[in-house]
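Hi everyone, thanks for making time this morning. I'd like to walk you through one model, starting with the cysteines and then moving on to the fold.

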Amino acid sequence: MEEEKRLGVYVHIPFCASKCGYCDFCSLANQDKLMNPYQDALLLQMQESFPRLRDYLLDSVYFGGGTPSYYGADRLCELLREIKATDRLLKSSEITVECNPDSMHRRELRRLRQEGVNRISIGAQSANDDILRLIGRRHSWRQVVAGVQRARQAGFRNISLDLIYGLPSQTKEDWADTLEKAVALKPTHLSCYGL
């Protein structure tokens, strides 16, 4: 019998509380009024597209953005249930939600974990609060630490931190400090991106 093919699904959530100056991704700040129509369109797109997945097993689902944590657990869980309804999602699938530290709330994280999300990717970017402000981030390093703690308390064991190097005014010492502080949080994974 031929082995079934595997596929990953990426769901783009373009909504953010604010737009960071360096961000080249499709993201919309202050457009919350579009969230419900976007959700309806995503669900419709899934219902139309998913019948084509019958020859595939889904080994990963990634909710990226934008800021999926800002979009809210209720909407993300509804989308995940639609994906589960295909009966193509493996029990071992990695299911990731990108989060910004300022929109990581205990109740929402618990809800995501209960629905089957098993990986959180936190947009930390830098441990230097001055640099975070300079690039338009809404959070502090203290909020990153709190976000990691909340994710662990919600039951997440697979936690990734996104970091950026080459930021304006960032020195080698700043970057080394960011790496040291990030490693001290004992994430499962670090993603380091050059600006």
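**Cysteines, overall shape and two close-ups**

Let's begin with the sulfurs: searching the whole structure turns up zero disulfides. Please keep in mind that this is a predicted model. As a reminder, a disulfide is a covalent bond between the sulfur atoms of two cysteines.

So why does C77 have no such bond? Its closest cysteine sulfur belongs to C99 and lies 12 Å away, which is too far for a bond, given that the cut-off for a disulfide is 2.5 Å. And is C77 buried or exposed? C77 is buried, at a relative accessible area of just 1%. C16 also counts as buried, because its relative accessibility is 8% and the limit for buried is under 20%.

Now let's zoom out. The protein's secondary structure amounts to seven helices and eight strands. The C-alpha trace spans about 55 × 40 × 30 Å along the principal axes. For 195 residues, you would expect a radius of gyration near 16 Å from a compact globule, and the protein's 17 Å agrees with that. Of those 195 residues, 48% count as buried. For those of you who like contact order, here is a related number: among contacts with a separation of 6 or more, 76% join residues 24 or more positions apart.

Next, a helix pair. Helix α1, residues 35–49, packs against helix α3, residues 73–84, at an angle of about 10°, and the two axes are 10 Å apart. With that angle, α1 is roughly parallel to α3, since angles under 35 degrees count that way. Who makes the contact? On the α1 side we have M35, N36, Q39, L42, L43, M46 and Q47, and on the α3 side R75, E78, L79, E82 and I83. Sorted by class, the contact between α1 and α3 comprises six nonpolar, three polar and three charged residues.

Finally, one residue up close. L7 sits in strand β1, which covers residues 5–13. Its relative accessible area is 29%, so L7 is partly exposed. Which residues does L7 touch, leaving aside those up to four places away in sequence? The answer is L53, Y56, L57, L58, D59 and S60. Take S60 from that list: L7 and S60 are 53 residues apart in sequence, yet their C-alpha atoms are 7.2 Å apart in space.

That's my tour, and I'm happy to take questions.

Notes:
Residues are numbered from 1 along each chain as its sequence is written. This is a predicted model: local features need pLDDT of at least 70, side-chain atom pairs count only at pLDDT 80 or more; totals for chains, interfaces and linings use all residues. Side-chain values use heavy atoms; hydrogens and water are left out. Buried means under 20% relative accessible area, exposed over 50%, partly exposed in between (1.4 Å probe, protein chains only). Axes are lines fitted to C-alpha atoms, for helices over the stretch in contact, and angles run from 0 to 180 degrees between N-to-C directions. Helices (H or I, at least four residues) and strands (E, at least two) are DSSP runs, numbered from the N terminus. Angles under 35 degrees count as roughly parallel, over 145 as roughly antiparallel, 65 to 115 as roughly perpendicular and the rest as oblique. Contact means heavy atoms within 4.5 Å. Ala, Val, Leu, Ile, Met, Phe, Trp, Tyr, Cys and Pro count as nonpolar, Asp, Glu, Lys and Arg as charged, and the others, Gly among them, as polar. The radius of gyration is taken over C-alpha atoms; the globule rule is 2.2 Å times the number of residues to the power 0.38.
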